[in-house]
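This briefing concerns the arrangement of strands and helices in the chain shown below. Please read it with the sequence and the structure at hand.

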Amino acid sequence: MFIVVGVTGGIAAYKSVHLVRLLVQEGHDVHVIPTDDSLRFIGLTTWEAISRNPVTTSVHDDVARVRHVALGQSADLVIVAPATANTIAAMAAGLASDLLGTTLLATTAPVAVAPAMHTEMWRHPATRANIATLRERGVLIVGPADGPLTGGDSGPGRMSEPDDIVAAALSFASPETADLDGVHVAVSTGGTREPLDPVRFLGNRSSGRQGAEIAAEAARRGATVTLVAASVDAGVLDTVAAHPRVTTRHVETAAQLGKAMTDAAATADVVIMVAAVADYRAARVSEHKLRKEDGPLATIDLVPNDDILAGLAASRRGGQVIVGFAAETADEDLLARARRKRERKGVDLLVVNEVGWDAGFGAGENTVAVIGDGGAVVAEASGPKSTVAHAVWDAIVAARAAG
Ligand code: CTP
C-alpha cells in the first residue's frame, strides 16, 4: 500500500519512528510528511532513513510534480500520528496551510488519526467538537490511551502504541474479511498472578499483547469475542476492549482464569489459551503480610494448578476448535517438544513461539510456527504481533473448514 504518515508537533513523534518502521517492514511504500513544528522533535534525516523515501515539509518543493496534492492523490491510506490538538482543529476546519494540510484535502483515501495531547486539551469542548466532526467525516480515531503523560501527570491523552495504530489503520483501510461472522471466540491473555500474601505474588513477564492482537483480529473478521485478561502491560487492551464485539473479563489467578474460560467455552466455537498461566500456586496464602522474622519467606511451598488448556480440550464440544500457545526457548529440539506438548494437551492447534530474555514476552514482534494434525507445521509467521495474529487466524479458519 502507498501510505502517507503525517507527523505533527508532539513529543510522541518519537514513537512514530517505530510506527513507520513497522509499516516499511510489512512491505508498504511509506511517505512521511512532518509538520515544521514536529521537526523540533524528530528531524528530516530520520524520516528519510526510516521510510526510505524523500521527505519534505514544504508545498514549494517538487512543484513540477505538484507534490502538494500528488501524495494525497496516490495514497491508499493516510495516518496522522501523533495528531496534536492544533492539527485536529486544522483538519476539522479544512485548513491547507502546509503540505500535510493540502495532502489531507487532496486525498480520498481512508484517514486514521492518533491524537496525543494533555488530558485537559483532549477533554476541551473545542477538541471534542473537532473529533466529532472528523468522526462524522469517516476518519478513524485511534486512542488516545490512558497513561502517564510528559508532564508527570496521567490520564487520557497519551498516543496509542504504534502496533495498535498500525493494526487499526491497516484493517480500516482494507475491508474486513468476514470469515468469522457469527462465530464466538474465547481468548485468554496476560500472565496470572498467584498471591503469597496481600502484597506479594508469583507472576511472569507476559505483556498480554499477543492475546490482545488475537482477540482484535477475531473481532475484525466478524467474531464475537470473550477476552479473559490476567495481568497485562498498561495500554495493551485499550484498542481491543473498545471494540463493540469484544467483552473483556479481568482475572488475577489461574483458578479465576480457568473458571472464566470454562464459562466462555460453554458457548464458544473456538477457544484460544494465549495466557501465561502459572503452573503452581502457593500452598498457603497468608492473610497478613509475611515478615522476614517469621521465617516463611525463604521457602514457599507450592502446589500445582490445574492445566486449564488440557481440561478445556478434554471436555470440548463437537466442532469446537481448541488452540494452545507454547512459549519455548529456542534450541534444536523446539519443534519436537512442541509436537509432544500438542499431543499431551490434546489440542487441535499449538502455536509455538520462541521466547528469551529479549524475544516473545513483551516484545513488539514475535516468531511462531503453528502445529496441526499429525504434528505438521501448518503455518509460520514472523513480525509484528498483529501479523502473527493474522496468520494464526488463517490457520484456525482452515482447521475449522477441514472439520
Ligand atoms: N496452560 C494452561 N494451564 C496451565 C498452564 C498452561 O492452560 N496451568 C496453557 C497456556 O495458556 C498455553 C499452554 O497451556 O496455551 C502451554 O503452556 P506451557 O506452560 O508452555 O505448558 P506446560 O504444560 O506448562 O509445559 P512446560 O513444562 O513446558 O512449562
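In this predicted model, strand 8 (residues 184–189) and strand 13 (residues 270–273) run parallel and are joined by four bridges. Within this pairing, Val 185 stands opposite Val 270 of strand 13. Both strands belong to an open sheet of eight strands with mixed pairing.

**The sheet**
- The strand order in the sheet is 12-11-8-13-16-17-18-19.
- Strand 12 (246–250) and strand 19 (377–384) are the edge strands; each has a single partner strand, so one side of each lacks a neighbour in the sheet.
- From one strand to the next, the twist averages 15°.

**Helices on the sheet**
- Helix 13 (residues 334–345) packs on the sheet and touches strand 16 (321–329), strand 17 (349–355), strand 18 (365–371) and strand 19.
- The direction of helix 13 makes about 145° with that of strand 17.
- Helix 14 (residues 385–402) lies across strands 8, 13, 16, 17, 18 and 19, and runs at about 160° to strand 19.

**The chain as a whole**
- The protein chain contains 14 helices and 19 strands.
- Its radius of gyration is 23 Å, which agrees with the value near 22 Å for a compact globule of 403 residues.
- The C-alpha trace spans about 70 × 55 × 40 Å along its principal axes.
- Among contacts in the protein chain with a separation of 6 or more, 69% involve residues 24 or more positions apart.

**Burial and surface**
- Of the 403 residues, 50% count as buried.
- The protein chain exposes about 18300 Å², of which carbon and sulfur atoms supply 52%.

Notes
Residues are numbered from 1 along each chain as its sequence is written. This is a predicted model: local features need pLDDT of at least 70, side-chain atom pairs count only at pLDDT 80 or more; totals for chains, interfaces and linings use all residues. Side-chain values use heavy atoms; hydrogens and water are left out. Two strands pair if DSSP finds at least two bridges between them. Helices (H or I, at least four residues) and strands (E, at least two) are DSSP runs, numbered from the N terminus. Axes are lines fitted to C-alpha atoms, for helices over the stretch in contact, and angles run from 0 to 180 degrees between N-to-C directions. Contact means heavy atoms within 4.5 Å. The radius of gyration is taken over C-alpha atoms; the globule rule is 2.2 Å times the number of residues to the power 0.38. Buried means under 20% relative accessible area, exposed over 50%, partly exposed in between (1.4 Å probe, protein chains only). Accessible areas come from the Shrake-Rupley method with a 1.4 Å probe; for residues, only the protein chains shown count as cover.
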